[in-house]
Amino acid sequence: MSQSPSPALSPSFRMETVGMDALIVRLFDAIDEAHMPWILAADNALREGLGGALIDLVPSYTTLLVHYDIEQLSHIEARRRVQQALHGLQPASTEAGREHRIPVWYDDSVGPELPRIAERLGVDTDEIVRRHTGRDYCAFALGFSPGYAFMGMIEEALATPRLKTPRQKVAAGSVGIAERQTAIYSMRSPGGWNILGRTAVKLFDRDRDEISLFRPGDRVRFEPISREAFIEQGGDTTPLEER
Amino acid sequence: MATRTTTQKVTTTTARNGTPNPTQPTQASLVVERTGPLALVQDAGRFGCRHLGVTQGGALDWISLGWANWLLGNAPDAAGIEIAIGGLALKAERTLRLAIAGADLGATRDGEPLAANGSFTLEQGQVLAFDQPRAGLRAYLALPGGIDAAPFMGSLSTVAREQLGGLDGRGSAIQVGDRLVAASSTPQRGEPVRELPSLSAMPTDEAVLELVTGAQIAHFDGASLFAAFNQPWQVDSRADRMGVRLTGPVLRCQAGGMVSEGIPLGAVQVPPDGQPIILLNDRQTIGGYPRLGALSPIACARLGQCAPGTTIRLSPVTPHQARTRYLRQLARWR
């Protein structure tokens, strides 16, 4: 999928001040699945190294935002603690993230861009489904809304720019693509991604022990299911509004 | 703040309901009779869950919430009501002591004017009403001990976009008929403090906001940086709990679209149109525009009181200077 990185070669990281009580650890400059084992390792090391002085840690693609407790640590102390925590960092195992299989009902009614992308590529919609479900994706970062994971990379041929005019309402569970990334809308919200189908799986559920199904670094595989199976899983078949 | 939680533990309703307080025969409570543009339950915010895409939330003007709580002897980050613009009216179901701080929204008790910053007793049946802004935008109402409701991920902060927090746990704003129940029957502070010893005045026409400059400042050209810190900015009408747009000189940045990364509170991001957006408590957790840096928490609190049209000047500070002032503010409540 990506060029084989040398696992022994530790990335050089930079620390950047971004606020009174926050700094960014920058490990890489570009998006690449091969970076995630390093990001996950840094995530673990920083959680351990900062302990109770850590307020929030937000990993994302190439960086980690460290929000530390300003009552406990000065800016200089925080930089020192981060430096210490990341000393001799080794990448996490490529198996570190958890695996998820997400059943998706791919259909024109709940995925209006499915036929459009098929038409653009001169193939039928089954071929688009086959390609979208044909590989594991990595959750690079969570954001946009609770439990929403930015995942990739999708096959280059499937890459599609965001809609020129975002939809006012995208149904929860909608599975979309934008450029070379894919994602599932965790709650009903406005959105500009190209929608291919829908899952009945809840990404964010306050009544579940694991409130967010995904965490950064998890691996996700989509599986096509029938309309009947989707309904059986509690899926909502209401067609997606065009705008 | 001291009580921020860094764990992902969820406090459930059963945990709270499982510990009833037998010394409270009846609960001190208020019933909402009228609402205005927006009133929300807010505390210091929700922490330890931004990696899951859950935003921070919390009182925009955390200093005024802290003072309102201080007046009753509450912890500074106890949950209160953030009343934006005014309009709210509440009736006491039982006599209780309350405190307000922050914007002057023309508060009255049964029609008789109240000080914008102070504590007072609301007798059973009396109505506390807020009119409209005279200075500032957001007033904070504190109840003894805070507000009794079930927190989600350690906080009661209401985030409508995420359908989290608030009285119902689903992100709903305060509505007519809602009951606000005090977390304790009497204030911790025995001696009532009627007025605050000191309070920075609400911004009226102009505000100076301190900005901790960030590493990405190197991406901006020299003329833009000079303009950013030497020319006036106007608060735009596109302003809410997610962010506040400023209009003024066009800032140019060499970095185009960047890879999305975590965004701190108060981040001053500059999209391609060159007009900054200051990202506040309900911001999205990651984003990819270049940033000048981030406002200090004290400056964020002040911005939360700036009406559209207010003139803003940005003043660069070091993290150390911002921290010194922040810790001094916390020390006032000890």
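**Exercise 1. Describe the contact between chain A and chain B.**

Step 1. Begin with polar contacts. The interface of chain A and chain B holds 13 residue pairs in polar contact, both residues at pLDDT 80 or more. A polar contact is a pair of N or O atoms within 3.5 Å; within protein, one must be able to donate a hydrogen and the other to accept it, and residues adjacent in sequence count only if both atoms are side-chain atoms.

Step 2. Find the elements on the chain A side. Strand 1 (14-19), strand 2 (22-26), strand 3 (54-60), strand 4 (63-68) and strand 6 (137-142) of chain A each give two or more residues to the side that touches chain B. Strand 3 of chain A gives the most, with 7 residues. Strands (E, at least two residues) and helices (H or I, at least four) are DSSP runs, numbered from the N terminus.

Step 3. Sort that side by class. It has 24 nonpolar, 13 polar and 9 charged residues. Ala, Val, Leu, Ile, Met, Phe, Trp, Tyr, Cys and Pro count as nonpolar, Asp, Glu, Lys and Arg as charged, and the others, Gly among them, as polar.

Step 4. Note the model's limits. This is a predicted model: local features need pLDDT of at least 70, side-chain atom pairs count only at pLDDT 80 or more, and totals for chains, interfaces and linings use all residues. Residues are numbered from 1 along each chain as its sequence is written, chains are lettered from A and ligands numbered from 1 in the order in which they are written, and side-chain values use heavy atoms, with hydrogens and water left out.

Step 5. Count contacts and area. Here 46 residues of chain A are in contact (heavy atoms within 4.5 Å) with 47 residues of chain B. The two chains bury about 3600 Å² between them, 61% of it on carbon and sulfur atoms. Buried area is the accessible area (1.4 Å probe) that two parts lose on being put together, summed over both. In chain A, the residues that lose the most area to chain B are A:Met20, A:Glu71 and A:Arg206, together 20% of what that side buries.

Step 6. Add the salt bridges. There are 3 between chain A and chain B. A:Arg26 and B:Glu261 meet in a salt bridge, at 3.0 Å from N to O. The rule asks for a side-chain nitrogen of Lys or Arg within 4 Å of a carboxyl oxygen of Asp or Glu.

**Exercise 2. Describe how the two domains of chain A meet.**

Step 1. Set the bounds. Chain A has domain 1 (14-85) and domain 2 (99-232). Such bounds come from an automatic or database domain assignment. The domain centres, taken over C-alpha atoms, are 29 Å apart.

Step 2. Count. 8 residues of domain 1 of chain A are in contact with 11 residues of domain 2 of chain A. The buried area is about 820 Å², and carbon and sulfur atoms give 68% of it. A:Glu33, A:Met36 and A:Tyr61 lose the most area on the domain 1 side, together 61% of what that side buries.

Step 3. Check polar pairs. The salt bridge count between these domains is 0. The rule finds 3 residue pairs in polar contact there.

**Exercise 3. Describe how the two domains of chain B meet.**

Step 1. Chain B is divided into domain 1 (13-181) and domain 2 (206-331).

Step 2. 26 residues of domain 1 of chain B are in contact with 21 residues of domain 2 of chain B. They bury about 1800 Å² between them, 51% of it on carbon and sulfur atoms.

Step 3. The interface has 1 salt bridge. B:Glu82 forms a salt bridge with B:Arg241, with the closest N and O atoms 2.8 Å apart.
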